[in-house]
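Work through the exercises below with the sequence and the model open. Each task is followed by a solution in steps.

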Amino acid sequence: MSQAKEETAILAGGCFWCLEAVYVRVRGVLGVESGYCGGAVVDPTYAQVCNGQTGHAEAVRICFDPARISFRDLLEIFFLIHDPTTRNRQGNDVGTQYRSAIFWTSPEQQSIALSMLAELEAARAYAAPIVTELQPAPVFYVAEDYHQAYFATHPDQPYCEVVVAPKLAKFRAKLGQRFEAD
C-alpha cells in the first residue's frame, strides 16, 4: 500500500501567525494557510472571530508530504511552540479563538494525537494538565489575504518581534536541525 503524496493537518495554538511562521519552514510541509476552524458562523471574518462570539479558533491548515514528515512530527513541533496547558489563552492573547486544538482529518491522525497526548501526560511533560481539544476537522475557513505569510511580510511589526520571533527561535533551537527545510 503506497502512502498518499499529501495530507492535511489542522492545528490551533494561539495566534495563527505564530504557527504559520514555524510550519512554513518545516521540511516536508508543502503549504500553510492561516484561517478559522471550529465555530458556528459560516465564512467568518477576522473581526468576528476576534470578538470571541463565533466559536472559531485561529488555526493553520498544513499540507504536508507524509513521506518527508509525519503527522506525529508535526505534533511534536506543535507541543513545543505553544502552551497546551492554558485554556483559551496563549500569553497575552485571551479568548476561545486562541485555544489549543487538534482538528484531526483522519482516524489515523486521531489515533496518533490520542497516543501523543497520553504519552505527554504520562511523562508529566508539563507542570499543568494538557487542555488541548481533540476533535474531527470541521470546515476550515481561510483567513483574509493580509493574514497569509504575515510574519514573512511584517517581521518588524511589534507583535511579530515580541511573540512570533521567539516561538520561531525556540523551534530552531530545539528542533530546527531535525525539521527545518534547507
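**Exercise 1.** List the buried residues of helix α1 in this predicted model, and decide what they say about the surroundings of the helix.

Solution. Step 1: the buried residues of α1 are F16, W17, C18, L19, E20, A21, V22 and Y23. Step 2: the helix spans residues 16–23, and 8 of its 8 residues are buried, so α1 is largely enclosed by the rest of the structure.

**Exercise 2.** Determine how many disulfides there are, then examine C18 and C50.

Solution. Step 1: a disulfide requires two cysteine sulfur atoms within 2.5 Å. Step 2: for C18, the nearest cysteine sulfur belongs to C15 and lies 4.7 Å away, and C18 is in no disulfide. Step 3: for C50, the closest cysteine sulfur is also in C15, at 8.8 Å, which is too far for a bond. Step 4: the count comes to 0 disulfides. Step 5: take accessibility next. C18 has 3% relative accessibility and so counts as buried, whereas C50, with a relative accessible area of 30%, is partly exposed.

**Exercise 3.** Describe how helices α3 and α4 cross and which residues make the contact.

Solution. Step 1: the axes of α3 (residues 71–81) and α4 (residues 107–122) come within 10 Å and cross at roughly 45°. Step 2: the two helices are therefore oblique to each other, and their crossing is right-handed. Step 3: α3 contributes F71, R72, L75, E76 and F79 to the contact, while α4 contributes Q109, I112, A113, M116, L117, E119 and L120. Step 4: sorted by class, the contact has 8 nonpolar, 1 polar and 3 charged residues.

Terms used:
Residues are numbered from 1 along each chain as its sequence is written. This is a predicted model: local features need pLDDT of at least 70, side-chain atom pairs count only at pLDDT 80 or more; totals for chains, interfaces and linings use all residues. Side-chain values use heavy atoms; hydrogens and water are left out. Axes are lines fitted to C-alpha atoms, for helices over the stretch in contact, and angles run from 0 to 180 degrees between N-to-C directions. Helices (H or I, at least four residues) and strands (E, at least two) are DSSP runs, numbered from the N terminus. Angles under 35 degrees count as roughly parallel, over 145 as roughly antiparallel, 65 to 115 as roughly perpendicular and the rest as oblique. A crossing is left-handed if the near helix is turned anticlockwise from the far one by less than a right angle, and right-handed if clockwise. Contact means heavy atoms within 4.5 Å. Ala, Val, Leu, Ile, Met, Phe, Trp, Tyr, Cys and Pro count as nonpolar, Asp, Glu, Lys and Arg as charged, and the others, Gly among them, as polar. Buried means under 20% relative accessible area, exposed over 50%, partly exposed in between (1.4 Å probe, protein chains only).
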